[in-house]
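Reader: I'd like a close look at one part of this protein, the charged residue that ends up buried, and then a walk through the other side-chain pairings. Could you take me through it slowly?

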Amino acid sequence: MRLALAEAQKAVEASADVPVGAVLLDANGEVLAVGRNERELHNDPTAHAEIVAIRAATQDRNDWRLEDTTLVVTLEPCVMCAGAILAARIGRVIFGAWDSPAGASGSLYDLLRDARLGKPVEVYGGVLAEEANFQLRDFFAQRRMSGSK
């Protein structure tokens, strides 16, 4: 999770994007790929940290199936990212901050554990939540103070 938090900070520094970071690990806990929000950087609404990490790992492996992997992300995945996680067949998701307005991994929706959508994903939320929440709160407080969008 600490590596994901560092990636989240890079999102702010690189493109003033919302600080969300993701790390994809193989079955041995080795890093396969990292990602951070890049929506502002690429003007791409699908460039969430999870999607960026999934794309990098599938390109590196030359396989869209990521069944033996764990995705660690600083914010609870949204509906789009939950769909990508299910499509990639990622087996486990660990996240930091809960996203009650838009989360799809246990707060607003629970798509990852919905057996109607395929094999349920193991989900562990709230890991280093205080740090992840602080990072997000600080970002949005700074944005409000500067009058940015």
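Author: Let's start with a definition: a salt bridge here is a side-chain nitrogen of Lys or Arg within 4 Å of a carboxyl oxygen of Asp or Glu. Buried, in turn, means under 20% relative accessible area. Keep in mind that this is a predicted model.

Now, which residue is buried yet has no salt bridge? That's glutamate 50. The nearest side chain of opposite charge belongs to arginine 39, and that one is 9.0 Å away. With the cut-off at 4 Å, that distance is why no bridge is counted between the two. Glutamate 50 sits in helix H3, which covers residues 49-61. So what does glutamate 50 touch, once you leave aside its neighbours within four places in sequence? The contacts are Val20, Ala22, Leu71, Val73, Leu75, Pro77, Cys78 and Cys81.

Elsewhere, acids and bases do pair up: the structure holds 11 salt bridges. Take glutamate 122 and arginine 92, whose side chains meet with N and O 3.4 Å apart. Glutamate 122 is in strand E5 (residues 122-124) and arginine 92 in strand E4 (residues 92-97), so this bridge ties together parts that lie 30 residues apart in sequence. Glutamate 122 has a relative accessible area of 36%, so it counts as partly exposed. Arginine 92 is partly exposed as well, at 31%.

Another bridge links aspartate 110 with arginine 113, and here the closest N and O atoms are 3.1 Å apart. Aspartate 110 comes out at 32% relative accessibility, which makes it partly exposed, and arginine 113 is partly exposed at 37%.

Then there's arginine 116 with aspartate 114, at 2.5 Å from N to O. Are the two partners buried or exposed? Arginine 116 is exposed, with 73% relative accessibility, whereas aspartate 114 is buried, with 15%. So aspartate 114 is a buried acid that has a salt bridge, while glutamate 50 is a buried acid that has none. Bridges can also share partners, and that is how Glu7, Lys10 and Arg36 get joined into one network.

On to the rings. How many aromatic pairs does the structure hold? Two. In one of them, phenylalanine 95 and tryptophan 98 have ring centres 4.8 Å apart and planes at 85°, so the pair is edge-to-face. Phenylalanine 95 is buried, at 0% relative accessible area, but tryptophan 98 is partly exposed, at 42%. Phenylalanine 139 and phenylalanine 140 make an edge-to-face pair too, with 5.0 Å from centre to centre and 80° between the planes. Here phenylalanine 139 is buried, with a relative accessible area of 10%, and phenylalanine 140 is partly exposed, with 31%.

Last stop, the surface. Leu3, Val31 and Val34 make a nonpolar patch of about 220 Å² there. Leucine 3 lies in helix H1, residues 2-15, and its 40% relative accessibility makes it partly exposed.

Back to where you came in: glutamate 50 is buried without a salt bridge, and its contacts beyond the sequence neighbours include Val20, Leu71 and Cys81.

Note on methods. Residues numbered from 1 in each chain as written. Predicted model: local features only at pLDDT ≥ 70, side-chain atom pairs only at ≥ 80, totals over all residues. Heavy atoms only, no water. Patch = residues over 30% accessible without salt bridge, like charges linked within 9 Å, V, L, I, M, F, W, Y side chains within 5 Å. Areas by Shrake-Rupley, 256 points an atom, 1.4 Å probe, with all protein chains shown as cover. Helix = DSSP H or I, 4+ residues; strand = E, 2+ residues; numbered from the N terminus. Buried < 20%, exposed > 50% of the residue type's maximum accessible area, 1.4 Å probe, protein only. Lys, Arg positive; Asp, Glu negative; His and termini not counted. Contact = heavy atoms within 4.5 Å. Phe/Tyr/Trp six-rings, centres within 6.5 Å; stacked < 30°, edge-to-face > 60°.
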